[in-house]
Amino acid sequence: MPEVRNWQLGRAMSYPYDAKHPDRQFAFVFNINRCIACQTCTMACKSTWTFSKGQEHMWWANVETKPYGGYPQFWDAKILERLDQANEGGQVWSGEVGDAPDGPYGSFDGMTIFEAAQRTLTPDSARVLGYLPNDDEWNAPNIYEDNPVGMLGVKDKLHETGEQLPSHNMWFFYLARICNHCSYPACLAACPRKAIYKRPEDGIVLIDQEQCRGYRKCVEACPYKKAMYRGNTRTSEKCIACYPRVEGTDPESGGDPMETRCMASCIGQIRMQGLVAVDGEGRWAEDRYNPLYYLVHVAKVALPLYPQLGTQPNGYYIPPRWVPKPYLRQMFGPGVDQAVERYMNPDRELRAVLQLFRRSNRIVFGYEVQEGPLVYEGTLHGRPVTIHDDTVIAYGREGQELFRTTIEEPIHVRESIHANSI
Ligand code: SF4
Ligand code: SF4
């Protein structure tokens, strides 16, 4: 297999095709700390793309409850278990979390799903380590909803003490998921028909419905299980990143690149999606005032989901601050401690960038922070805190102002005449 560079792993890795990178990449940051599992995003996607016959089980966007939930059931535990079997005790990271653009989380010394396939699978042509879920594993998009972890990880045995940060004894959190439009897609790597392609202009990964014959190799290979089989058409389907909106060709967009339906509908304001510039090596080209670049590469509060799988996913998460670190490290890699610390003690710029989430459905390509007056001084978790009412201005693709917003949000007091009315 050819070697490609995976900056999330801090090393080169095997992949069935030579690297070919898009000019820009569809990417997103989800702030888990804000998700309330209202499932508005899930239904926005469902009602747009998967409401037809044969798609009843399909949830291209879903929100699941961790640690027990998963759609399909136990998808992450199952692929991690297979990797451990292929490389027992070897799935570890080394080195330091730091500023290296080619390895900000250190170096992953274990095996990716592409490398493990070469060790464990027969016939020799097998390209990706994966598995095909049973039909009933696709039944529920949020099974074990709101089930917390029990004492010492024992299910249904709840902890009896009160809960305090920095981490809780009893916990759960919501993990919102869509296709990661990976830089090295496992679905694409596994397709014998070459029906799956990654668009050069925005890195969106699509399945050509004319080419697909429903072999389900993509369903088996995608470690995130975001390629799905449709029985009545005998083809596989997946998230298309609402590409008419992202292109600005959707009539509603007025020509401006627009965020996807799941992003735009998010009640909890956890989601921000963008198009980041990519360099010839597949890294994000430096773009200091792009909010996604800032969150992932400067503030380093947003981390990839299971980077060790090796697909270089383009979905990033601000980890939940109350969850024990060992669980978070296996899910988001070694950058977790730094990310949670930074999120809990934000500086003025981070606080301002977090205000950009969901003020508009237009894609933000740049921002600027204008300093405002001091509005609060106090302590938080024993540390001094100051808050300024700064203004953050968002810019679009052509550098035009999209909107501006402040740290202090306006308060609207409902007139008493409206009390008890709906
Ligand atoms: S709409 Fe937003 S807050 Fe609601 S479940 Fe989806 S990601 Fe979470
Ligand atoms: S998340 Fe899965 S379906 Fe989406 S691009 Fe990556 S490998 Fe393919």
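Which residues of S7 are buried on one side, and which on the other? In this predicted model, Phe173, Leu175 and Arg177 lie on one side of S7, and Tyr174 and Ala176 on the other. These residues are all buried, and both faces of the strand are thus covered. In a regular strand the side chains alternate between the two faces of the sheet. Strand S7 spans residues 173–177, and five of its five residues are buried, so the strand is largely enclosed by the rest of the structure. Buried here means under 20% relative accessible area.

The partner of S7 is strand S4, residues 62–66. The two run antiparallel and are joined by five bridges. Within this pairing, valine 63 has alanine 176 of S7 as its bridge partner. Alanine 176 is also one of the buried residues of S7.

The protein as a whole contains eleven helices and 19 strands. Its radius of gyration is 22 Å, close to the 22 Å that the globule rule gives for 422 residues, so the protein is as compact as a globular protein of that length. The C-alpha trace spans about 70 × 55 × 50 Å along the principal axes. Buried residues make up 55% of the 422. Of the contacts between residues at least 6 apart in sequence, 66% join residues at least 24 apart.

The accessible surface was computed at about 18800 Å². Carbon and sulfur atoms account for 50% of this surface. There are 46 positive and 52 negative side chains. The centres of these two sets lie 5 Å apart.

A second covered strand is S11, residues 235–238. Thr235 and Glu237 are buried on one side, Ser236 and Lys238 on the other. S11 pairs with strand S10, residues 227–230, in the antiparallel sense over four bridges. Methionine 228 stands opposite glutamate 237 of S11. S10 and S11 form a hairpin with four residues between the strands. In this hairpin, arginine 234 takes a positive phi near 55°.

Four strands build an open sheet in the order S12-S3-S14-S13, with mixed pairing. Strands S12 (271–277) and S13 (303–304) stand at the edges; each has a single partner strand, so one side of each is left without a neighbour in the sheet. At the S13 edge, the pairing with strand S14 (residues 315–318) is antiparallel and comprises two bridges. Here leucine 303 has tyrosine 317 of S14 as its bridge partner.

Definitions and conventions: Residues numbered from 1 in each chain as written. Chains lettered and ligands numbered in written order. Predicted model: local features only at pLDDT ≥ 70, side-chain atom pairs only at ≥ 80, totals over all residues. Heavy atoms only, no water. Rg over C-alpha atoms; globule rule 2.2 N^0.38 Å. Buried < 20%, exposed > 50% of the residue type's maximum accessible area, 1.4 Å probe, protein only. Contact = heavy atoms within 4.5 Å. Areas by Shrake-Rupley, 256 points an atom, 1.4 Å probe, with all protein chains shown as cover. Lys, Arg positive; Asp, Glu negative; His and termini not counted. Charge placed at Lys NZ, Arg CZ, Asp CG, Glu CD. Pairing = 2+ DSSP bridges.
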